[in-house]
Amino acid sequence: MEMEQEHVILLQKILVVLFSVALFWKIIKHMCGLLNIEKEPVTVLVTGAAGKLEPIIINIKFVCSSIGRFSATGQIGYALVPMIARGLMLGPEQPVIIHMLDIELAAEALNGVKMELIDAAFPLLKGVVATTDVTEACQGVNIAVMLGGFPRKEGMERKDVMSKNVAIYKAQASALDQHAAPDCKARKEVLVVANPANTNALILKEFAPSIPDKNITCLTRLDHNRALGQISEKLNVHVSEVKNVIIWGNHSSTQYPDVNHATVKTANGERPVRVAIANDNWLNTEFITTVQQRGAAIIKARKLSSALSAASAACDHIRDWVLGTPKGTWVSMGVCSEGSYGIKAGIIYSFPVTCEKGEWSIVKGLKIDQLSREKMDATARELMEEKTLAYSCLH
């Protein structure tokens, strides 16, 4: 009897302690709300914001290139900047400052973008800098999204295009290396979007030695999202029910969209996508080519390059990198290879990665079948060819 009474008393004490802790936590949260504690703003750089080849900057914590009104990259920037200001990239509680950079001829258009950002009255937007001075633009940058690049024009040889982009990214790398905030050199998220994205990122890496290799990436999240979209359409499920597709390699027509490890959520639990679709012929042929050629299909349909989806993918890339990927889920990012899956070290190659506390890690130990091996090696060979061509442009 005495033992039972002791147990009852102990239980009562535990309940009192738990209630006290819960009440104390609510009081703390209420006090923080009253104090209106706000995070320090993050500085973001956007290059080419008015649609030219020079960079534009945003005071948020990353760099975005090319916001021009007429060029493809300009459309991406114009779509991306309000997403950043609204919190879609860094979260709904992270204030930002946007720096935009472009050439003198685009100064008036650039100022127009600034006026629109001010007129939108975004609560998270704590400042906007529109400048044609690269030093001012790069000052204190924490995160960079590089949208600007030189597009291939009719009659141009591949080496001519590469030579233009090598010059652009060599110059932008030097500016970031010299003028970015000291802390951002230690941990800055740099995302290259302009094509050839993988090789542009490689050149940036070579000429910004103070920025760690792990901090320079390129965008393959658009391809990743396209693959998710194609699977969800095929299965007639919401895209959020599909996860863990992979884009291997180059952001080009040689990329390999891989569904061998992808799953779809069903009423009976998660199922492998291959099992759910039950059509290997479609997955190994039409699905792959549709994702590879999706950009060309959009250009044919709207007479312009992908802009909205590319801007959204850039937000996804940075958000997951900074805030982390959901448990059990990976995404695709173009990162510096360290030899994983037999891919030569030193090239910027798209891998499946998970992110935590601002750091990405390549998913290891995935089984690679013969078809996948062939396609992964083919896109790696193209990247090695691009690297050789880019380096030849430096001499």
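Two helices are counted as roughly perpendicular when the angle between their axes lies from 65 to 115 degrees. In the present structure, which is a predicted model, the axes of helix α8 (residues 221-235) and helix α13 (residues 308-323) cross at roughly 105° and come within 8 Å; α8 and α13 are therefore roughly perpendicular to each other. On the side of α8, the contact is made by Arg 221, Leu 222 and Asn 225, while α13 contributes Ser 309, Ala 310, Ala 313, Asp 316, His 317 and Asp 320. By character, the residues of this contact between α8 and α13 divide into 3 nonpolar, 3 polar and 3 charged.

A further residue of α8 is engaged by a loop. His 251 is located in the loop between β9 (246-248) and β10 (256-258), and its side chain makes a polar contact, at 2.7 Å, with the side chain of Asp 223. When neighbours within four places in sequence are left aside, the residues in contact with His 251 are Asn 195, Ala 197, Asn 198, Leu 219, Thr 220 and Asp 223. One of these, Asn 195, precedes a cis peptide bond, since the bond from Asn 195 to Pro 196 has an omega near -5°. Pro 196 itself is found in the loop that lies between β6 (189-192) and α7 (197-206).

An open sheet of 3 strands is arranged in the order β8-β11-β12, and its pairing is antiparallel. The strands β8 (242-243) and β12 (269-272) stand at the edges and have a single partner strand each, so that one side of each is left without a neighbour in the sheet. Strand β11 (residues 263-266) is joined to β12 by 4 bridges, among them those that pair Thr 263 with Pro 272 and Val 264 with Arg 271. These two strands, β11 and β12, form a hairpin with 2 residues between them. On the other pairing, β8 and β11 are linked in the antiparallel sense over 2 bridges, and the bridge partner of Lys 243 in β11 is Thr 263. Thr 263 thus has bridge partners in both pairings, namely Lys 243 and Pro 272.

A backbone feature is also noted at Ala 278, which has a positive phi of about 55° although it is not a glycine. Ala 278 is placed in the loop between α9 (273-277) and α10 (280-284).

As to confidence, the mean pLDDT of the chain is 86, and 81% of its residues reach 70 or more. Over residues 51-72, however, pLDDT stays under 50, although the model has 159 contacts beyond four places in sequence for this stretch. Where pLDDT is low, the predicted coordinates should not be read in detail.

Note on methods:
Residues numbered from 1 in each chain as written. Predicted model: local features only at pLDDT ≥ 70, side-chain atom pairs only at ≥ 80, totals over all residues. Heavy atoms only, no water. Axes fitted to C-alpha atoms, helices over the stretch in contact; angles between N-to-C directions. Parallel < 35°, antiparallel > 145°, perpendicular 65-115°, else oblique. Contact = heavy atoms within 4.5 Å. Nonpolar A, V, L, I, M, F, W, Y, C, P; charged D, E, K, R; others polar. Polar contact = N/O pair within 3.5 Å; in protein donor to acceptor, adjacent residues only side chain to side chain. Pairing = 2+ DSSP bridges. pLDDT = per-residue confidence, 0-100.
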